[in-house]
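This briefing concerns the strands of one structure and the way they are arranged. Please keep the sequence and the model in view while reading.

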Amino acid sequence: MTLIETHEYRFPSHLLPALINNDPVIDEDRESFYAFLDKLERHKKEYDATDYVVSCESDSYFSHKNCLSDIGCNVTDIKILFLR
């Protein structure tokens with residue numbers, strides 16, 4: 001596998017199980033979460049990648065913004081690695 005592209009995001013910590021394990025998403029976060037997944041799929045097609053992998057830091061911290069909304073919450077820094 002070859003690394004094609006890497007993106008970094010501040011991702012809401014409470015949604016990591018949904019991103020990594022495909023756990024259910026509660027109603028208030030559902031729309032922005034699925035929009036984020038759609039964006040990842042668009043990037044995957046744009047880079048002609050076969051897959052992407054989520055890599056995350058173990059520490060979370062409070063941030064006033066995250067990659068899904070401008071609402072403050074605990075976030076975890078993640079990297080999305082696009083592979084071919």
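In this predicted model, Tyr-52 stands opposite Phe-82, a residue of strand 3. The pairing of strand 2 with strand 3 is antiparallel and extends over ten bridges. The points below place this pairing within the sheet and then turn to the helix that packs on the sheet.

**Strand 1 and strand 3**

- Strand 3 covers residues 73-83 and is joined to strand 1 by nine bridges, the two strands running antiparallel.
- His-7 has Ile-80 of strand 3 as its bridge partner.
- Pro-12 stands opposite Val-75, which also lies in strand 3.

**The sheet as a whole**

- The three strands form an open sheet in the order 1-3-2, and their pairing is antiparallel.
- Which strands stand at the edges of the sheet? They are strand 1 (3-12) and strand 2 (51-63); each has a single partner strand, so one side of each is left without a neighbour in the sheet.
- On average, neighbouring strands of this sheet are turned by 15 degrees against each other, with direction ignored.
- In a regular strand, side chains alternate between the two faces of the sheet.

**The helix on the sheet**

- Helix 2, formed by residues 27-46, packs on the sheet and touches strand 1, strand 2 and strand 3.
- The direction of helix 2 makes about 170 degrees with the direction of strand 1.

Conventions: Residues are numbered from 1 along each chain as its sequence is written. This is a predicted model: local features need pLDDT of at least 70, side-chain atom pairs count only at pLDDT 80 or more; totals for chains, interfaces and linings use all residues. Side-chain values use heavy atoms; hydrogens and water are left out. Two strands pair if DSSP finds at least two bridges between them. Helices (H or I, at least four residues) and strands (E, at least two) are DSSP runs, numbered from the N terminus. Axes are lines fitted to C-alpha atoms, for helices over the stretch in contact, and angles run from 0 to 180 degrees between N-to-C directions. Contact means heavy atoms within 4.5 Å.
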